[in-house]
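Dear colleague,

Please find below the sequence and the structure that I am handing over to you. My findings follow after it, and I would be grateful if you would read them with the model open.

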Amino acid sequence: MVRISKVVNGLETVLKSAPIANPAKDAMFRLTCSAESSTLTLDLGGSSLTVSDSSFVERQCGPGHGSAGPLGGKGPSHRADDFTASAQ
């Protein structure tokens, strides 16, 4: 499962999600995220999600691994290397 979320005052709101299978354990994979105006796009291995949210006024981003937050889960499931972000 992948999702695009926003977190405001510690409360996560899922804007869009899709049942995309997780990459295999210890396998390298490419995750691309972009923000252009109010449109957010996430691409994982050629499967993509796009959502618009006009409430974004600041552009701050970062990866979230696993699901230990408000949605439950058992914690981190993947590692990140060479994270780069840009917003336009």
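**Strand pairing**

Arg-3 has Ser-17 as its bridge partner in S2. Please bear in mind throughout that this is a predicted model. S1 and strand S2, the latter covering residues 11–18, run antiparallel and are joined by seven bridges. A further pair in this ladder is Val-7, which stands opposite Glu-12 in S2. The hairpin of S1 and S2 has two residues between the strands, and within this hairpin Asn-9 takes a positive phi near 50 degrees.

Three strands form an open sheet, arranged in the order S3-S4-S5 with antiparallel pairing. Its edge strands are strand S3 (31–36) and S5, each of which pairs on one side only. From one strand to the next, the twist averages 10 degrees. S4 and S5 run antiparallel and are joined by six bridges. Within S5, Thr-50 is the residue that stands opposite Thr-41.

Ser-48 is also placed in strand S5. Is Ser-48 buried or partly exposed? Its relative accessibility is 48%, so Ser-48 counts as partly exposed. Apart from neighbours within four places in sequence, Ser-48 is in contact with Leu-42 and Asp-43. Ser-48 and Ser-17 are 31 residues apart along the chain, and their C-alpha atoms are separated by 10.0 Å.

**Nonpolar core**

The largest nonpolar core has ten residues in all: Val-2, Ile-4, Ala-18, Ile-20, Ala-35, Leu-40, Leu-42, Leu-44, Leu-49 and Val-51. Two or more of these residues come from each of strand S1 (2–8), strand S4 (39–44) and strand S5 (47–52). Which element gives the most to this core? It is S4, with three residues.

Leu-44 is one of the core residues, and its surroundings may be worth a look in the model. When neighbours within four places in sequence are left aside, Leu-44 is in contact with Val-2, Ile-20, Ala-21, Pro-23, Phe-29, Arg-30 and Leu-31. Of these partners, Val-2 and Ile-20 are also listed in the core.

**Charged pairs**

How many salt bridges does a search of the whole structure find? The search finds two. As a general point, side chains of opposite charge can pair when their charged atoms come close.

One salt bridge is formed by the side chains of Arg-3 and Glu-12, at 3.2 Å from N to O. Arg-3 is partly exposed, with a relative accessible area of 26%. Glu-12, by contrast, is buried at 19%, the limit for burial being under 20%.

The other salt bridge joins the side chains of Asp-53 and Lys-6, at 3.2 Å from N to O. Because Asp-53 lies in the segment after S5 and Lys-6 in strand S1, this pair ties together parts that are 47 residues apart in sequence. Asp-53 has a relative accessibility of 10% and therefore counts as buried. Lys-6 is buried as well, with a relative accessible area of 19%.

**Surroundings of Asp-53**

Asp-53 is found in the segment after S5. With which side chains does the side chain of Asp-53 make polar contacts? One polar contact is with the side chain of Lys-6, at 3.2 Å. Another is with the side chain of Ser-55, at 2.5 Å. Once neighbours within four places in sequence are set aside, the residues in contact with Asp-53 are Lys-6, Leu-15 and Ser-38.

**Points to view in the model**

For a first inspection, I would propose the following places:

- the antiparallel hairpin of S1 and S2, with Asn-9 at a positive phi near 50 degrees;
- the open sheet in the order S3-S4-S5, with S3 and S5 as its edge strands;
- the core residue Leu-44 and its contacts, including Phe-29 and Pro-23;
- the salt bridge between Asp-53 and Lys-6, together with the polar contact from Asp-53 to Ser-55.

With kind regards

Conventions: Residues are numbered from 1 along each chain as its sequence is written. This is a predicted model: local features need pLDDT of at least 70, side-chain atom pairs count only at pLDDT 80 or more; totals for chains, interfaces and linings use all residues. Side-chain values use heavy atoms; hydrogens and water are left out. A nonpolar core is a set of buried Ala, Val, Leu, Ile, Met, Phe, Trp, Tyr and Cys residues joined through side-chain atoms within 4.5 Å. Buried means under 20% relative accessible area, exposed over 50%, partly exposed in between (1.4 Å probe, protein chains only). Helices (H or I, at least four residues) and strands (E, at least two) are DSSP runs, numbered from the N terminus. Contact means heavy atoms within 4.5 Å. A polar contact is a pair of N or O atoms within 3.5 Å; within protein, one must be able to donate a hydrogen and the other to accept it, and residues adjacent in sequence count only if both atoms are side-chain atoms. A salt bridge is a side-chain nitrogen of Lys or Arg within 4 Å of a carboxyl oxygen of Asp or Glu. Two strands pair if DSSP finds at least two bridges between them. Axes are lines fitted to C-alpha atoms, for helices over the stretch in contact, and angles run from 0 to 180 degrees between N-to-C directions.
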